[in-house]
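Open the model in your viewer and keep the sequence panel in sight. We will go from one helix outward.

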Amino acid sequence: MTSTTTNPATHTARDGKGILITAPAMQQLAKLCGEQGNNQVLRVGVRSGGCSGMSYTMDFVPASETLDDDETYDYETPEGNQFRVICDPKSLLYIYGMQLDFSTALIGGGFNFTNPNATQTCGCGSSFAV
């Protein structure tokens, strides 16, 4: 019996850097960004806490809350919807190269993080250790 695993197509920011975002996550983020209204950006990061020591954060904030040292990534869906993701430099050390996916499954659905920098993750997938 042969098993093949297919990785979902991922998207990076226009500059080729930032967080890898799968097509389902791109569609969901574009939808959520549209619902948030103009001048909102998605702030991603990490904070202390969670089962494994650090947990992921994602929240919409006004674009005016972008700080001078934040990294800014612009994404565009295949349909032409655009949104911006910002991340503070300290968080970026822990999540650079992370893949963000979205699932509609009843159990375990929602946004899922796959972090190549994590040495340990919890069962829920929302916290990690490095």
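Start with α1, residues 23–36. This is a predicted model. Colour the buried residues of the helix: Ala25, Met26, Gln28, Leu29, Ala30 and Cys33. Why do some of these line up? An α-helix has 3.6 residues a turn, so residues three or four places apart point the same way.

Now check the length of α1. Its 14 residues should span 20 Å at 1.5 Å a residue, and the end C-alpha atoms are 20 Å apart, so the two agree. Step past the end of the helix to Gly37. The phi of Gly37 is positive, near 95°.

Next, select Phe83. Leaving aside residues up to four places away in sequence, Phe83 touches Met26, Leu29, Ala30 and Cys33, among others. Its partners also include Ile21, Tyr73, Asp74, Tyr75 and Thr77.

Widen the selection to the largest nonpolar core, which holds 24 residues. Phe83 is one of those that touch the most other members, along with Ile19, Ile21, Val44, Tyr75, Ile95 and Leu100. Which elements each supply at least two residues of this core? They are α1, β3 (40–48), β4 (54–62), β5 (71–76), β6 (82–87), α2 (89–95) and β7 (99–103). The most comes from α1, with five residues.

Zoom out to the whole chain. There are two helices and ten strands, in the order β-β-α-β-β-β-β-α-β-β-β-β along the sequence. Of the 130 residues, 34% count as buried. Among contacts with a separation of 6 or more, 50% join residues 24 or more positions apart. Finish with the surface: the chain exposes about 7,800 Å², and carbon and sulfur atoms supply 48% of it.

Technical notes. Residues are numbered from 1 along each chain as its sequence is written. This is a predicted model: local features need pLDDT of at least 70, side-chain atom pairs count only at pLDDT 80 or more; totals for chains, interfaces and linings use all residues. Side-chain values use heavy atoms; hydrogens and water are left out. A nonpolar core is a set of buried Ala, Val, Leu, Ile, Met, Phe, Trp, Tyr and Cys residues joined through side-chain atoms within 4.5 Å. Buried means under 20% relative accessible area, exposed over 50%, partly exposed in between (1.4 Å probe, protein chains only). Helices (H or I, at least four residues) and strands (E, at least two) are DSSP runs, numbered from the N terminus. Contact means heavy atoms within 4.5 Å. The expected span of a helix is 1.5 Å times one less than its number of residues. Accessible areas come from the Shrake-Rupley method with a 1.4 Å probe; for residues, only the protein chains shown count as cover.
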